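Reader: I am new to this structure and would like a close look at a single part. Please take one helix and describe its ends, its buried residues and its charged pairs.

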Amino acid sequence: MKRIGERLRASPTPETAAQARPSVSAGDCGLLLIRLAVGLIMAGHGAQKLFGIFGGPGLAATGRGFAALGYHPGRVYAVTGGLSEFLGGLGLAAGLFTPLAAAALIGVMINAMVTVTSLHGLWDFNGGMEYSICITAVALAVAAIGPGRLSLDLPFRWGKGGWREAAFALGLGGAGAALVLAL
């Protein structure tokens, strides 16, 4: 009987080199796809404002547009918004300083919703806030989930995601948006 009991017990599986090395999952690849799509689109959007590439207006025209929305001096706010989109987008795409990158995108999207898109309702075909809500949700979700194994944040604590990282991104993005809106 003793022998049967020993055979029925689960024995610890030996750890092989393949088990010790973390493998890339479909989830990691999915997160990379989301980060690249949203991050690079936002970086391109910021580059349109800052550098006038990809058919964008450039800094001078963007500054005039910001001034027309009530942001004075318009050029300073154009640089701030453009850099938030450009650097936040690149950070999200690379998975580098992910909670900070998410905060930059959340802050600029909150500003876009409050000052421009909310006046046009929800749907984007009317110029509504649908796009801004999606970008905000993706940035917050990536901060909460973490950027995945295929990121530059992997060795850092914040590269794992979590409640603190999500709260940091939402809190800093919201505070930055509130500060800009109050000025």
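Author: In this predicted model, serine 25 caps the N-terminal end of helix H3, with a side-chain oxygen 3.2 Å from the backbone nitrogen of glycine 27. Helix H3 covers residues 26-51, 26 residues in total. From its first C-alpha to its last H3 reaches 36 Å, close to the 38 Å expected at 1.5 Å a residue. Just after H3, glycine 52 takes a positive phi of about 70°.

The buried residues of H3 include Leu31, Val38, Met42 and Leu50, and also Asp28, Arg35 and Lys49. The buried residues of this helix pack against helix H4 (58-68), helix H5 (74-94), helix H6 (98-115) and helix H7 (130-145).

Two charged residues of H3 take part in salt bridges. Aspartate 28 pairs with arginine 149, the closest N and O atoms being 3.4 Å apart. Arginine 149 lies in the loop between H7 and helix H8 (163-182), so the pair ties together parts that are 121 residues apart in sequence. Aspartate 28 counts as buried at 8% relative accessibility, whereas arginine 149, at 36%, counts as partly exposed.

Lysine 49 forms a salt bridge with glutamate 85, and here the closest N and O atoms are 3.0 Å apart. This pair links distant parts of the chain, with lysine 49 in helix H3 and glutamate 85 in helix H5, 36 residues apart. Lysine 49 is buried at 14% relative accessibility, and glutamate 85 is buried at 3%.

Key. Residues are numbered from 1 along each chain as its sequence is written. This is a predicted model: local features need pLDDT of at least 70, side-chain atom pairs count only at pLDDT 80 or more; totals for chains, interfaces and linings use all residues. Side-chain values use heavy atoms; hydrogens and water are left out. Helices (H or I, at least four residues) and strands (E, at least two) are DSSP runs, numbered from the N terminus. The expected span of a helix is 1.5 Å times one less than its number of residues. Buried means under 20% relative accessible area, exposed over 50%, partly exposed in between (1.4 Å probe, protein chains only). Contact means heavy atoms within 4.5 Å. A polar contact is a pair of N or O atoms within 3.5 Å; within protein, one must be able to donate a hydrogen and the other to accept it, and residues adjacent in sequence count only if both atoms are side-chain atoms. A salt bridge is a side-chain nitrogen of Lys or Arg within 4 Å of a carboxyl oxygen of Asp or Glu.
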